[in-house]
Amino acid sequence: MTDLFSPYKMSKFNLSHRVVLAPLTRSRALNGVPQPALAEYYRQRSTEGGLLISEATPIAQEGTGFPHVPGIYTEEQIEAWKKVVDAVHAKGGLIFCQLWHAGRASHKIYQPGEGAPISSTNRSISENWKILMPDGTKNNFSKPRALETCEIPKVVEQFRQAAINSIRAG
């Protein structure tokens with residue numbers, strides 16, 4: 001019988017316990033760039049041999065659907081994530097980046113050129129649900145645009161590049 005505080009070997013990673021920090025959106029990024037408060041947040045929750053899973057981290061600007069979330073698609077973001085990762089590693093912890101694309105759960109204000117969010121469908125999310133805007137107000141989700149089949153490789157490539165960027169960040 002095991003308990004939460006027993007070690008666990010997860011592939012090449014040796015965890016000292018089974019308590020994992022689940023993803024929690026912190027909104028501690030400006031223009032998609034992690035700020036020092038984000039590094040401090042993850043540092044405070046790090047333990048020797050402990051695992052943290054980052055908040056939802058957009059793979060591209062068009063994958064954003066929430067204000068002040070840290071992306072992983074520009075050099076500036078990668079460099080800022082390195083500071084977060086360094087803070088976690090300094091305490092002996094591990095951190096995995098949760099790669100994210102919001103799909104239709106977005107608003108045109110988060111999209112390049114205020115275009116329609118992309119999705120598997122052109123159907124909007126119900127007006128019973130609201131999206132948080134950058135100024136703290138709530139609004140309806142924007143009507144999405146159904147992704148064309150020929151556009152799928154671009155999104156796959158964004159995920160691939162974001163994974164590479166995450167590895168570069170540590």
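This passage describes the annotated domain, nonpolar cores, pockets and two backbone outliers of a predicted model.

The UniProt record, an unreviewed entry, places the feature "domain: NADH:flavin oxidoreductase/NADH oxidase N-terminal" at residues 3-170. In the model, 26% of this span is helix and 21% is strand. Its end C-alpha atoms are 29 Å apart.

Turning to the interior, 18 residues make up the largest nonpolar core, and Y42, L52, I72, W81, V84 and I95 are those with the most contacts inside it. Three elements each give two or more residues to this core, namely α1 (36-44), α2 (75-90) and α3 (152-169). The largest share comes from α2, which provides 6 residues. A second core, separate from this one, has 5 residues, including Y110, I131, M133 and F141. In soluble globular proteins, nonpolar side chains tend to be buried together. A helpful place to look at the packing is V84: leaving aside residues up to four places away in sequence, V84 touches P34, L38, A39, Y42 and I95.

The pockets come next. The volume of the largest pocket is about 350 Å³. Its lining has 17 residues, of which I95, F96, C97, S166 and G170 are the closest to the centre. At least two lining residues come from each of α2, β7 (94-100) and α3, and β7 gives the most, with 5 residues. Sorted by class, this lining holds 12 nonpolar, 4 polar and 1 charged residues. I95 thus appears twice in this account, among the residues with the most contacts inside the largest core and among those closest to the centre of the largest pocket.

The second largest pocket holds about 300 Å³ of space. It is lined by 16 residues, and N31, G32, T64, H68 and Y110 are the closest to its centre. There are 10 nonpolar and 6 polar residues in this lining, and no charged ones. Y110 also belongs to the second core.

Finally, two residues stand out for their backbone angles. S27, although not a glycine, has a positive phi of about 55 degrees. S27 sits in the loop between β3 (20-21) and β4 (29-30) and is partly exposed, with a relative accessible area of 29%. H68, also a residue other than glycine, has a positive phi near 60 degrees. The loop between β6 (51-58) and α2 contains H68, which counts as partly exposed at 36% relative accessibility. H68 is also one of the residues closest to the centre of the second largest pocket.

Definitions and conventions
Residues are numbered from 1 along each chain as its sequence is written. This is a predicted model: local features need pLDDT of at least 70, side-chain atom pairs count only at pLDDT 80 or more; totals for chains, interfaces and linings use all residues. Side-chain values use heavy atoms; hydrogens and water are left out. A nonpolar core is a set of buried Ala, Val, Leu, Ile, Met, Phe, Trp, Tyr and Cys residues joined through side-chain atoms within 4.5 Å. Buried means under 20% relative accessible area, exposed over 50%, partly exposed in between (1.4 Å probe, protein chains only). Helices (H or I, at least four residues) and strands (E, at least two) are DSSP runs, numbered from the N terminus. Contact means heavy atoms within 4.5 Å. UniProt positions are given in the numbering used here, feature names are shortened, and annotations may be inferred rather than shown by experiment. On a 1 Å grid over the protein atoms alone, a cavity is a set of points where a 1.4 Å probe fits but cannot get out, and a pocket is an open set with protein on both sides within 12 Å along at least five of seven lines; lining residues have an atom within 4 Å of a point. Grid points are joined across faces, edges and corners, and a volume is the space filled by probe spheres set on the points. Ala, Val, Leu, Ile, Met, Phe, Trp, Tyr, Cys and Pro count as nonpolar, Asp, Glu, Lys and Arg as charged, and the others, Gly among them, as polar.
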